[in-house]
Structures are given as structure tokens and as C-alpha cells.
Amino acid sequence: MSVRHAEELEALLGDPADAANPYGFAAAVGRDERDEFPAEFCAELARAGFHLNYLPKEWGGTFEAFDRSLTLVRSAARRDVNIMPGTMFSIIAATCLQLHGSVEQQQLAAEVLRGGGAVGFALTESAHGSDLLANEVALSADGVLDGEKWMVGLGLRCEAVYVVARTGARGPGAFSAVLLDLRDVPAGQLERLPAAATNGMRGIDLARLRFTGLRVPDGARVGREGEGLEAAVKAQQAVRLMSMAGSLGIADSAVRIALDFAAVRKVGRAVLASSPWPRRELSVAAAALLAADVSALTAARGVHVVPEAFSVWAPAAKHVVAESCEELVRRAGAVLATRSVLREGERGAGLFQKLQRDTAVVRVIDASTLANLKSYAGQVPTLTEGGAAAADPEALSAVFALDAGLPAYEPERLDMFARGADPVLAALPDAAAEVSAALAADPSAAPVAALVEELAAAVAGLGGLTRAARGPGADPNALVDAAERYAWLHAAGCAVHLWRANRDRPLYGTEPGSAGWLGAVLGYLLARADGTDPRRRGAVLEPALDAALALRESGLLFTALPVRLATNRREES
């Protein structure tokens, strides 16, 4: 993945710590206080072509790969995650149209999006939330649309909208999709109303769309009758990738604020970063940040190589990133203490509160935690009970070797259900053996080798866990709990593969082959998989903090590859 584009964006947007920067932190806090949409910020990004980075080239976009787009979005979102609704909310409608839209429908969407407009996505309803099969908005046999959709991103300003409506009696096949050009809707057939305000990501455009006898024009139906919900569920896999960028942007700023404070604040003669309790909290936060980065970055590459696995990989990665970022914000807040709740009086006042509120919204923006886990819980037994399966070493190398080229993204290969073994965990026994052998040459890496072996044993036990979860008398939550454990172990497997495939290059600001960051990430993820406090893993997490401090001092984004940030003029007093 080239880092050049992200560095160019950083240079364009300038130092976010500059109080006069309209694309900086102070401006973001001011908009937040006023519940104001980031119109000027989004306009500047549009002038730079930011909104084209998720559009396919045949639509006039500049999309190359999801890992590039992920890094671009998190770079902008670290300043204000509200730019995501302003620039990225159309990705799900665009993906749906890539999957089953006609040439004419794709051209309409491309025209709107290239011009900086928006195509809304109307799926959920207030009365039913994530229970999509209960949705009531209906498209009659004679083409009349009635009912109200809820929480439609950019619904107050979008020029077109993709609507999933009921056309049958029951089941997933009871829903079809239409693409409406809202510039042509007769008066009285559509009412746009603001949705309930959110506590975080204040000022973003979320709307209720109320359809009253709206006559759907010929040619508006997308694809075949009955495939609307299937296309939407497949498209959400891409949306989860981009929502992770928002979580990572928030996480970068939260950890950076805490490290800036801990580097200069003294307790007695020692700065906080050297004091035992704050250092432990910061180590957990840094390990959570690196774990989230591993999970998101490898998922963004994996969707190009094995999209057939993404009905599980995407929501599992979403869970790890959302939960890890929520925890690291909490740990950073514990170190900041009173300063985490101040609204004024000190540099950065109000920003951390915004980050706390925003992360709570991003973690549920495309699905609640439970709905996300349930979306793939039923597939986990298929991936874990089938025994060992051969893994394609070339495919794995393409995913995890960060200097390897990626095949073109093919959304039509996305599937509702993963088929066969998980390529990450199927290849883990061989990878774990190789990594353990490599670490054995360095006595100081013995704790990391032990964690790799612990991971291999935990993964080997997943099949028995899922069998028990489906057995007679099982706890009704057991399968969802197994899905959560699977997510943490899958992320840990990604970390092992990432280290193995990049031993000759520096990752996270460390020397090539350094195992400290790997041990910290595995310690954190294994603790979360076990449902225990990561702090109990103790010193194994500290290399993550050392890595984060080194990245901070070098002015780099908290990610595996070196992305240089716009100059941060930190005040060290």
C-alpha cells in the first residue's frame, strides 16, 4: 500500500492542533457545540477528490484498494469523524448498485457522486431496528411505495436514494430494491424529516424519509424482485470496512491526547508515562490501538483476495475494532482524569469529550454490537468444525505481505454465507509453528512464543466450543459468545500472519523482525477472547506503548506503515 496519498492529504489539511485551522480540532469542537454539519470541510475534501476514492474507475472514481481508502479516511477522520457522513455515506448504495444495478442506474449514481452529491440508503425502520425481516415499508404490485424509513444517511440532502421495500409476504426474499431520483419526485409523495439527534457525531445529516403513495417510475427497480435484502447485506460488508476507518481516526486522536498529556504531566518527580498505573493503562490503550489497526488493515486487504469469506471476516473485524477503540478511549480518559471532562480552559478542552461521544456512535453506525455478532454467529460452526483445510499460501501472502500487490476488488464475489474454512485460521497451525521457531532464536522473545502457542491451542478448541454451543441444553447465548471469541482469535491470527509476512520490514516504528508489538497485540486479544482484563497480561503489553510513543515522536500515524502527519505543534508545558 502506498502511503503517498495519505501524506498528501495530511499536508493539504494542515496541522490539526492549529486553533486557526478550519480542518483542525478546535474547528471540529466548535461545530460539535453548534450541532453543525461540516460543510466547509467536506467541500475542501471534495475539491481534493476525496469523495472519489471509493468509486470504481469505470464510474469516474479513483478507487484502487480498500487499504488505501481506509488510510485516507482515518487520516481525515482523526480531525473530525463527521466527515465520514459528509463524504462516505453513499458507499453502501453504490456497492448495492455495483452488485445488481443496471447500466443506467449505475450511470445515474456515478453522475450524482462524481459531482459531490449523495445517494442515500434507506433500509432500517424505527419500529424494527436490526430486525430487517419485520420491515413494513411496502412496494405494491402496481408500483406504489408507502411507509417511512429511518436514520437515512444524508437523507435531507441526497439527490437519489436506494430503498429496500417489502414486495412479498415473508423471509429474506420478500424484499426488493428501487433507485429513486429524488429530483423527479412529485410534491406530496415524499417528506424528508430530521431523524432523532445523536449524542455523538453531532450535526450529521440523518433523516426519516416518508413515502406516501409514491409512484415508482419504470426502470427504477434494481435487479430482480426479491433480491433487495440480499444485496444490502452483502454491501454492508464494504460499509463495515469504512466504518472501521472512523473508529481508528477517533482512536488515533484519543491516544495521542493521552500520550501528549502523560509525557509532560508529573506526579512527584516522574512523568505520568513513567508511573506504574498510568503506564499500565496507556499500555492497554496502545495494545488495543495496534490490535485494531491489524484487524482493520488486514481485512481491507483480505476483501480483495478472499471476498467469499467476508460475510464473517468483515463483522468479526468490525467487532474487534469497535470494541478495542471503545476500550482505548476509556483507558485514555482514565489517564487524563479530570481533563477528560473539561469543556474549556486548556488546550484541546472539549475534544476528548467529543471523541468519547463519537466513538459510541461509530461502533453502532452500521449495526449494533449484538446485531453484528448475530449476523455471523450461525456461520462460525461451518468455519471451525470442518477440520483442517488447505490454505492457499499465495492468497495469504497477497493479504498479509504489505508490499504485495492486490487483485482488483470484485464485489460480485461477496457472499451471504462463508463457504469452507476460514483462510486465516486454517493456515494458523503452520504459521504458528514457523513463528514460534523463529522466536526461539531470541531468548527475550520467549513470552511472545508462548502467546503464539496459546493462540494455536485456543483456535484448535473453537470447534468443540461451537459444537457445545449448539448442543442440547446449551445456553441460548452460547453461539453468540462463541462468535465473539472467534472474532478476537481471528484478529490474533491476523497478527501472527502479518508478523510472519513482514519480518524484513519495520512495522509500527520498530526494527524489522521485532516481536514486541506482536506480543502486545496477542496478549491484548487473547485476554479479550477469554473475557479477562487485559491489564492482567502485564509487561507483555508495554512494547505497544513504546511503539506508540516512538510513532508519536516521529510524527507518524498509529498504523503499521509509516504515514507522516502534518506537523503537530505540540505545547510541551
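1. In this predicted model, the chain is built from 21 helices and 10 strands. One of the helices, H8, spans residues 228-264, and a residue within that helix is taken up again in the last points of this note.

2. On overall dimensions, the chain has a radius of gyration of 23 Å, which agrees with the value near 25 Å that a compact globule of 573 residues would have. Along the principal axes, the C-alpha atoms fill a box of roughly 75 × 60 × 45 Å.

3. On how the chain packs against itself, 59% of the 573 residues are buried. Of the contacts with a separation of 6 or more, 76% are accounted for by residues 24 or more positions apart, and a single example of such a pairing is given in point 7.

4. As for the surface, the chain has an accessible area of about 21,600 Å², and carbon and sulfur atoms contribute 51% of that area.

5. The charged side chains comprise 57 positive and 69 negative ones, and the centre of the positive set lies 4 Å from the centre of the negative set.

6. A reader may ask how many disulfides a search of the whole structure finds. The search finds zero, and the positions of two cysteines can be examined in this light. The cysteine sulfur closest to that of cysteine 96 belongs to cysteine 158, and because the two sulfurs are 14 Å apart, they are too far from each other for a bond; a disulfide would need them within 2.5 Å. Seen from the other side, the closest cysteine sulfur to that of cysteine 158 is the one in cysteine 96, again at 14 Å and too far for a bond. As to their surroundings, cysteine 96 counts as buried because its relative accessibility is 0%, and cysteine 158, with a relative accessibility of 1%, likewise counts as buried.

7. Leucine 259 lies in helix H8, and its relative accessibility of 2% is why it counts as buried, given that the cut-off for a buried residue is under 20%. Which residue, 290 residues apart from leucine 259 along the chain, has its C-alpha atom 7.3 Å from that of leucine 259? The partner is leucine 549.

8. Leaving aside residues up to four places away in sequence, leucine 259 touches Leu282, Leu545, Ala548, Leu549, Arg552 and Phe558. Leucine 549 therefore appears both in this list of contacts and in the C-alpha pair described above, with contact here meaning heavy atoms within 4.5 Å.

Note on methods: Residues numbered from 1 in each chain as written. Predicted model: local features only at pLDDT ≥ 70, side-chain atom pairs only at ≥ 80, totals over all residues. Heavy atoms only, no water. Helix = DSSP H or I, 4+ residues; strand = E, 2+ residues; numbered from the N terminus. Rg over C-alpha atoms; globule rule 2.2 N^0.38 Å. Buried < 20%, exposed > 50% of the residue type's maximum accessible area, 1.4 Å probe, protein only. Areas by Shrake-Rupley, 256 points an atom, 1.4 Å probe, with all protein chains shown as cover. Lys, Arg positive; Asp, Glu negative; His and termini not counted. Charge placed at Lys NZ, Arg CZ, Asp CG, Glu CD.
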